[in-house]
Structures are given as C-alpha cells and as structure tokens.
Amino acid sequence: MNKITKKFPGVHALKSVDFELIAGEVHALLGENGAGKSTLMKVLGGIHQLNEGKIRINGIETEINNVKDAQKNGISIIHQEIVLVPYLSIAENIYLGREPLLKSGFIDFDTMLENSKRFLDDFDLNIDPQTPIGKLTVAQQQMIEIIKAVSFDSKIIIMDEPTSSLTDKEVDFLFKTIRNLKAKGVGMVYISHRMNELFKITDRITVMRDGEYIGTVVTKETSNDHLISMMVGRELTSFYNRTYIEKSEQSVLKVVNLKRKGVLEDINFELKKGEILGFSGLMGAGRSELMKCLFGIDIFHEGTVFINGQKIMIKNPNDAINNGLAYVPENRKEQGLFLGKPVDYNITIKILDKFMKFFRVDHHYEDEQVHNYINELSIKTPNASQKVGNLSGGNQQKVLISRWLATKPKILILDEPTRGVDVGAKAEIYSIMNRLILEGVSIIMISSELPEIINLSDRVAVMSNGRISKILNKDEISQEKIMYYATGGS
Ligand SMILES: Nc1ncnc2c1ncn2[C@@H]1O[C@H](COP(=O)(O)OP(=O)(O)OP(=O)(O)O)[C@@H](O)[C@H]1O
Ligand SMILES: [Mg+2]
C-alpha cells in the first residue's frame, strides 16, 4: 500500500500511509486508539475507498472498490467488532453470500453443513454448525469469524484485535493456526494492543500515529519501550499510577451469601471505602454474572446486599444507580453504547435529570460536562456530535466510561475497563481510577489482565466456578497465587 490517504467528514484518518506485507509473514499494526489501523485495513478489505494512493498485490496495481474485489484478490478481514448475523446458523454465516448451489439452483445445505462441521473440527470446536450465532459466547463468535476468514483460502488475512475476548487457551490455539497459515505462505496483518502477543507471534511491526506512518521494525530487534515511544511520541513515565492511602475500614458494600441458581454460590465479600477490589478468574468463573446481579440486571435467588451498613433491595439498574452504583459493562456494543447516536448523547444519557432546570435541559451545563470528559479522557473525536459508531474502538470505550463517571457514583464497577484500549489511554484510565479513590469512591475492577489486577488492586477476590475461592490481601497478591485459586485451588 503506497501513500494511502483517507478522509472522513471532519477527520483526516490516513495521511499518505505506506504498508508492506510479505507472503508468510505476520505483520503487526500498532498505534494508539484512533491512529488509523482499522481504517487502513478496511481500505485494503474494500470496506472503505481510498482518496489517494495505490495498492499493489503481488506487484500488480489493483483497484479494490468493494468487499468482493478484496475477496477476489484473496484478502479477508476478521473484524474488531463482530459482524456475524446473530439469527443465522454457524454454517450460514460462514457461507454468507457464497452459498454452494445444487444443480437445481437451490442452496446446497448439506455441503455447507458438512464443510462447516469439518472446519469446526479442525478448530477443536465441538458445536453443531446449525446453532444460531446469537447463542454462542463472544469468544466462540470470534472463533467463527476466524474460521470464516480461513475458509476463503485467503492469501492475505487481516486480524483486527482477534484476541480481545479469547481465553488464554483459545489464544494459544489461534497462534497455532497462525503458524500453520504462515507455513502455507499466507501473509497476516495482526492488530493488537497486547504488546506481549506481538512479541510472541509477529515478524515485523509497523507503527502508526495520528493517521501517519511512523516506521516499521523487525520484532526481534525492538523492545517494548521503543515501540511505546514510537506510538505515543514520548516516553511514558508512570504507567500504573496508584497512591496507597491509609486504609479505611468503613464498609461501603457488603454481600452476604448471595446465590444465583446454577451460576453463583456462597458469595461473600466486602468493599471498603476508597479501595480497589480486583476480581480475577478465568473466563466463565462468574465475575460478570455477579456484577450484573449487584447492579440489578440479573436477579439473585438468595442473599443480602448492604450499602453503608444498610440492607438494600436492588430490583433493577435504577435501584442500583439510586444507591450510588455504576457499572461499566464489558461488552460495549451489546450492553452499552448507542452507536448511531452522538458522543454527547451517549455521555449524558444517564444523568439527563441533572441537566433539567425548570423542566428544560440545561444545555450549557451539559456541554460543559461533555467537554470535560472529552478532555479528561482524551476522547479522539472531531466534535461532541460525532456518531459514536464512527469513533475508533478504544475511544468508544472511553465514551462508555465517561457516561458512568458522569453519574458521580460512590461505587464504581468496571468490567474489563481497558479492553481494546491503547497504552496511553490505559495510563489515563488508571490515573482516573486513582483520583476517584482519593475522592472516596470505591472501585470493583474485573480484569483478565493480571498485571493490571496486581498493580492496581488493594485486595483481589479470585473466583472459580461461580464461587469466590479466595480473597488475597495486598501483601499476598501474586500471579502464582491468583492462578492457583482461579484454577480451583482452595
Ligand atoms: N466511518 C467513519 N466515519 C468517520 N470517522 C471515522 C470512521 N471510521 C473511523 N473514523 C475515524 O478515523 C480515525 C481512525 O480510526 P480507526 O478506527 O482506524 O482507529 P484504530 O487505529 O483502529 O483505533 P483502535 O485502536 O481504537 O481500534 C478515528 O479518528 C476515527 O474516529
Ligand atoms: Mg481499530
């Protein structure tokens, strides 16, 4: 790709960017949220049309005007946000738009099912290909995206944050697949904010910043620090910003014997004022389920919840909000953002009553709040009326966090707060968390990233199989202990 330029209304997303992919290589694209990584790859995949520049495939100048053109040239994309059709089956999704036909002209469902079954077997997935996509977990859906791309016999496969919702086991599996494809001469573009993955699986890394090409390095010859300085254009000094204050013994939230049939059992814990209580565990351990119960999204069958020593009833999210709780969910697309609505709407939706003055919306106060959050979290958007769906993935996450910060919660529950968020924004989110606890807010943080849990938490609750298997105090927290209790040790 040569001197690729792409403009959206109000956004110069790509400024004369160069990118080269060699057969059989895994080439990472790295850059902060909004740097232009997905856009560059959408140009290659025929989803966006370039304004200027040239694309050469095997040395031959090629025009890619739509997705079909891209597929004809052996290019397929595994998208950052899942784009499968929920009510269609696995097989139908894999073959969408290229269904094999019988002589009679009807769709050959048998062949579709047979082949899909084979693909699923190849990937060690024991699922019926007739299952509707909507019934699968996010991780499984992501695996189907990967299968779909691989099934095209592509020569170029683009993976845009393929691991953001996979477990370690699934990641290992994906890496095995990548190595197989590599041996077959497939070139792969790998986009991820997880630096350790880049060192494991990529051959070269191209860094972008603000829509510009910064440089390409050989993975073996570079370092974490060097990449970060290329990405953000400066050294990041303090990453895990955490001030430890005199520990308060005041209990703000206490959960006694909570049970949700078949999901959660014997849940007992306490959250103290001004602390960060980390929740660790393997995928499916019940962490998000627990938070959904506390926030009134799901019901629980037994147990009592106390806030500031008072027994409270939480029947729905409004009860939770009125009791000072806020919950930033893990899946921003399904449980959070209105992608078709502007940034300001998405930030203020939960607090509109605060803006109501004499039954009119106080637009001045609203604007001020929105701009505060845009600045504070460095949300990259041309203005507050941009549709959230047009923001980059990481910036969407920041909008969601702003919405809940705007409710001025006493207890903030963050579920995977930095998923898909770049290093700079991670540091910003950490320092906001730190500031909040200094202001007396108490935080529950679910995270699958152990360094994040270890470096930020005052205490860590480890869950396994729907139970809290251990609560570790500050001086007991270690990677080994967390893994031990997460995998069923007690
Ligand atoms: N359809 C669109 N309309 C308008 N602006 C867009 C559109 N798609 C992307 N942008 C803007 O282009 C810029 C680059 O976005 P892009 O999604 O390529 O970033 P990214 O590097 O993939 O970031 P992330 O790591 O957060 O996924 C951003 O400023 C984004 O808001
Ligand atoms: Mg992206």
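Isoleucine 57 lies in strand E5, which covers residues 56-57. The model described here is predicted. Isoleucine 57 is buried, with a relative accessible area of 12%. That value falls under the 20% limit for a buried residue. Isoleucine 75 stands 18 residues away from isoleucine 57 in sequence. In space, their C-alpha atoms are 9.9 Å apart.

Two residues stand out for their backbone angles. Most residues other than glycine have a negative phi. Glutamate 161 is not a glycine, yet its phi is positive, about 50°. Glutamate 161 sits in the loop between strand E8 (156-160) and helix H6 (168-183). Its relative accessible area is 7%, and glutamate 161 is therefore buried. Asparagine 308 also has a positive phi of about 50° and is not a glycine. The loop that holds asparagine 308 runs between strand E15 (302-307) and strand E16 (310-312). Asparagine 308 is partly exposed, with a relative accessible area of 49%. Exposed residues have over 50%, and buried ones under 20%.

Helix H15 (393-405) has 13 residues. At 1.5 Å a residue, H15 should span 18 Å. The C-alpha atoms at its ends are 19 Å apart, which agrees with that expectation. Of the 13 residues of H15, 13 are buried, so the helix is largely enclosed by the rest of the structure.

Helix H16 takes in residues 423-438, 16 residues in total. From its first C-alpha to its last, H16 reaches 23 Å. The expected value, at 1.5 Å a residue, is 22 Å, and the two are close. In H16, 12 of the 16 residues are buried, so this helix too is largely enclosed by the rest of the structure. The buried residues of H16 include Val423, Gly424, Ala425, Lys426 and Ala427. Further along H16, Ile429, Tyr430, Ile432, Met433 and Asn434 are buried, as are Leu436 and Ile437. Glycine 440 follows H16 and has a positive phi, near 95°.

Enclosed spaces were examined next. Three cavities of 30 Å³ or more were counted. The largest cavity has a volume of about 50 Å³. Its lining consists of Leu377, Ile401, Leu405, Leu412, Leu414, Ile429, Ile432, Met433 and Leu436. H15, strand E20 (411-415) and H16 each give two or more residues to this lining. H16 provides the largest share, four residues. By class, the lining of the largest cavity has nine nonpolar residues, no polar ones and no charged ones. Ile429, Ile432, Met433 and Leu436 appear in that lining, and these four residues are also among the buried residues of H16.

The second largest cavity holds about 40 Å³ of space. Ile245, Glu246, Lys247, Ser248, Lys273, Gly274, Glu275 and Asp458 form its lining. Here the classes are one nonpolar, two polar and five charged residues. The largest cavity, by contrast, has no charged residue in its lining.

An open space was also found. The largest pocket contains about 1200 Å³ of space. Its lining comprises 49 residues. Arg194, Asn196, Ser448, Glu449 and Pro451 lie nearest the centre of this pocket. Several helices supply at least two residues each to the lining, among them H6, helix H7 (195-201) and helix H8 (224-232). H16, helix H17 (450-456) and helix H18 (479-486) do so as well. Strand E14 (276-281) likewise supplies at least two residues. The lining of the largest pocket divides into 18 nonpolar, 15 polar and 16 charged residues. H16 thus contributes to the lining of the largest pocket and to that of the largest cavity.

Ligand 1 is surrounded by 19 residues. Gly34, Lys37, Thr39, His193 and Ser392 are the closest. Polar atoms of the protein approach oxygen atoms of the ligand at several points. At asparagine 33, a polar side-chain atom lies 2.8 Å from an oxygen atom of ligand 1. Glycine 34 places a backbone N or O atom 2.8 Å from an oxygen atom of ligand 1. For asparagine 390, a polar backbone atom is 3.0 Å from an oxygen atom of the ligand.

Note on methods:
Residues numbered from 1 in each chain as written. Chains lettered and ligands numbered in written order. Predicted model: local features only at pLDDT ≥ 70, side-chain atom pairs only at ≥ 80, totals over all residues. Heavy atoms only, no water. Expected span 1.5 Å × (residues − 1). Buried < 20%, exposed > 50% of the residue type's maximum accessible area, 1.4 Å probe, protein only. 1 Å grid on protein atoms, 1.4 Å probe; cavity = no way out; pocket = protein on both sides within 12 Å on 5 of 7 lines; lining within 4 Å. Points joined across faces, edges and corners; volume = space filled by probe spheres on them. Nonpolar A, V, L, I, M, F, W, Y, C, P; charged D, E, K, R; others polar. Near = heavy atom within 4 Å. Polar contact = N/O pair within 3.5 Å; in protein donor to acceptor, adjacent residues only side chain to side chain.
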